[in-house]
Number of protein chains: 2
Amino acid sequence: MGAIEEKFAKLATDNAPGQEVRQASGAASTGLVGDKLDGTPVDFSHGDVNAFTPTPGAREEFEAGLDEGGSQAYTEYRGKRAIRDLVAGRLAAFTGAPVSPDGVIVTPGTQGALFLAIASTVAAGDRVAIVQPDYFANRKLVQFFDGEMTPVRLDYLGASGRAGLDLDQLESAFRKGARVFVFSNPNNPTGVVYSDDEIRSIARLAEAHGVTVVADELYSRLLYTGTTYTHLRAVEIDPDRVVTIIGPSKTESLSGYRLGVAFGSPRIVERMERLQAIVSLRAAGYSQAVLRTWFAEPKGWLEERVALHQAIRDALIERLRKVAGVQVRTPEGGSYLFVRLPTLRVETQSFVRILREQASVTVTPGAEFGPHTLDCVRLNFSQDHDAAVQAIERMITMIERYRA
Amino acid sequence: MGAIEEKFAKLATDNAPGQEVRQASGAASTGLVGDKLDGTPVDFSHGDVNAFTPTPGAREEFEAGLDEGGSQAYTEYRGKRAIRDLVAGRLAAFTGAPVSPDGVIVTPGTQGALFLAIASTVAAGDRVAIVQPDYFANRKLVQFFDGEMTPVRLDYLGASGRAGLDLDQLESAFRKGARVFVFSNPNNPTGVVYSDDEIRSIARLAEAHGVTVVADELYSRLLYTGTTYTHLRAVEIDPDRVVTIIGPSKTESLSGYRLGVAFGSPRIVERMERLQAIVSLRAAGYSQAVLRTWFAEPKGWLEERVALHQAIRDALIERLRKVAGVQVRTPEGGSYLFVRLPTLRVETQSFVRILREQASVTVTPGAEFGPHTLDCVRLNFSQDHDAAVQAIERMITMIERYRA
């Protein structure tokens, strides 16, 4: 196999969220237990923007951008100056640390920001510390740029009052020469939030070992009652070694506009812009205008959205906790549940397919998030409340049917 | 300098079209000849979407996508199936060769398509044949993926009845082991269209040497009276070695939606999708809906748009031909003029800055397109007709002022 075939073989996306439509149906048709379960299909692989609709005013700002014409269609590669300045001020207020006007880039989604950040910090052969479990693209990106991944365990089920990052493993990874550390907070897929102490430890270790940190804070606006959140960029750490990523795709349901933002180190943002010039030129010009609504939603809008998600979380958790052998930690932020299944008669991958075919419930297999979570599934519970509850009940029925 | 610093140093974008706003003004304030020239500022670095507005119906299709909600926001990474199928049929009709349903991917702009196509075909150390002059990102992309560039000359000023590709150099590049050939047709920056014979020669040589070809046909709908266009994918060549790139950013003025399409080899498109999953996930979901208007514009719309561009082309060419020492070939397609300047008292790069400051005329320096066109500038003449004519007259005044 040639070098390029090998590289792309590692990028398989068949089980990635949203790609399930591509799998042949009927694949799971032999050895099925019981009949199909009726109910509204629920696709837990991503949030339902029909249940949680885009931010008020998004449509109008897009149209205002369209009416503005050329100056909104053709922005600088890093995004329109006026919009970057607006966003910089709001992100400084949100994170509690200054944002340099030169340290902001608008990207096609937070995925775009993550790609550019990794590409701009990881050269072939560089060692990169990656949390397990964490967002699956982190690993794929490091592999794509021929970096060497050093895993760091997140004992999210064993820890309490903290996310459960193994700080000894992190320090060991840095000692072994990791140049970059990438992590999501709230963690995707588990929804755990790093404690203030964990964040300060990450900062201290990064400083001590000269490590650049990419902090993916995509879900950091969706925090549940009692959660305290510390932004890495706001603690004692050289601002030039931190890039923070965030976007309005999740809490704000603006994914269809493909908008993300990376901010922090001007040195790294400058590289990211150079690369964006050959990757996609810029985030869609008219879409950029939608960022005017961001962090400026109507009073009470965010609080209500968080409360509605918390109610779904609690309803699903309550039901899952009654199932023997299921392990799940109550997420402190974000809209993911990461569910460890009891031992089943089929592999998780097969169960995921059967669940989709027999119960019209789509979930993402844990193998996407690391090698230690093969018996887990991830659910994005940003869904219609009642449909989600009924779907989790169908999933529980299916667990009982296939229990070993 | 570390490997990654070196890599990004090669990606400088300060002189790239649209980035001029970032250059300090006043930089050209010493040694100026004459006063400022009055007139409507014209930015020839890209088309003016206020002069040539987006396709009728684009706004409405976007809004219909928005109203459709989740199924339009979250598409497969390669784009929504129904839209890909629609586009596949139209592209088959347009290019005169079948398009496999598995051989289409929607990307964030044609830049996105080009990035993915190069990334999916060029491994470190691979030799890539690149036309000079040609679109500047081709070279940067090959460099970014650590490929080795082999230049092939386009003698666009010397040739007549053909684009002027040096087929001997192309064959020699292939003999020396080039694995991939990338070219734009109509050529960016010169606007020349490859003859039927040239296209068939490219196909024959690619077949003989097992070369994959990336054909950037972004401007192939904007063809002037008397031009015959041959699509590489429609001549005798293994369809699995050709990826064609096109999009509605130019002729259709839909750049602000960031839409491009790559089509052809399902093997390469499959790789491109795997990569898109970690680069940007997908082209903005709602924007994808705008592709429904593409190749389905109102009757006469395209013909009128072409005629209006042809009139601007002719008006500018007529004036430029009267200037001693200026060399320009009449473009057969697209909306670029590539103008070789007479010897000036200042470097082209300085002239470009002075032109912007003294005459409010923005052009792109020829150095962006290869090493043999340092005394050239590129103008995108998709502008308001009268403003463009007045701007070219100011440019001519400036040429005379700074003539050596």
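User: Where is the place of Pro133(B) in chain B?

Analyst: Keep in mind that this model is predicted. Start by finding the elements on either side of a residue. Pro133(B) sits in the loop between β3 (127–132) and α6 (136–144) of chain B. The peptide bond leading into Pro133(B) from Gln132(B) is cis, with omega near 0°.

User: Which peptide bond to Pro186(A) is cis?

Analyst: Read the bond by the two residues it joins. Here it runs from Asn185(A) to Pro186(A), and its omega is near -5°. Pro186(A) belongs to the loop between β5 (178–184) and α8 (196–209) of chain A.

User: What is phi of Leu281(B) near?

Analyst: Look at the sign of the angle and at the residue type. Phi of Leu281(B) is near 70°, which is positive, and the residue is not glycine. Its loop lies between α9 (266–279) and α10 (285–288) of chain B.

User: Is Leu281(B) buried or exposed?

Analyst: Compare its accessibility with the cut-off: buried means under 20%. Leu281(B) has 15% relative accessibility, so it counts as buried.

User: How does Ser360(B) read, and what is its phi?

Analyst: Take the same steps. Ser360(B) is not a glycine, yet its phi is positive, about 55°. The residue lies in the loop between α12 (348–359) and β10 (361–362) of chain B. Its relative accessibility is 23%, so Ser360(B) counts as partly exposed.

User: How many residues of strand β9 of chain A are buried?

Analyst: Go along the strand residue by residue. In β9 (residues 336–340), five of its five residues are buried. Then sort them by direction. Tyr336(A), Phe338(A) and Arg340(A) point one way, while Leu337(A) and Val339(A) point the other way.

User: Which strand do bridges join to β9(A)?

Analyst: Follow the bridges across. Five of them link β9(A) to β12 (residues 376–380) of chain A, and the two run antiparallel. For one pairing, take Tyr336(A): its bridge partner in β12(A) is Asn380(A).

User: Why does the radius of gyration of chain A agree with a compact globule?

Analyst: Set the value beside the one expected for the chain length. A compact globule of 404 residues would be near 22 Å, and chain A has 21 Å, so the two agree. The C-alpha trace spans about 60 × 50 × 50 Å along its principal axes.

User: What share of chain A counts as buried?

Analyst: Count over the whole chain. Of its 404 residues, 64% are buried. Chain A holds 13 helices and 12 strands. It exposes about 13800 Å², with 48% of that from carbon and sulfur atoms.

Terms used: Residues are numbered from 1 along each chain as its sequence is written. Chains are lettered from A and ligands numbered from 1 in the order in which they are written. This is a predicted model: local features need pLDDT of at least 70, side-chain atom pairs count only at pLDDT 80 or more; totals for chains, interfaces and linings use all residues. Side-chain values use heavy atoms; hydrogens and water are left out. Helices (H or I, at least four residues) and strands (E, at least two) are DSSP runs, numbered from the N terminus. Buried means under 20% relative accessible area, exposed over 50%, partly exposed in between (1.4 Å probe, protein chains only). Two strands pair if DSSP finds at least two bridges between them. The radius of gyration is taken over C-alpha atoms; the globule rule is 2.2 Å times the number of residues to the power 0.38. Accessible areas come from the Shrake-Rupley method with a 1.4 Å probe; for residues, only the protein chains shown count as cover.
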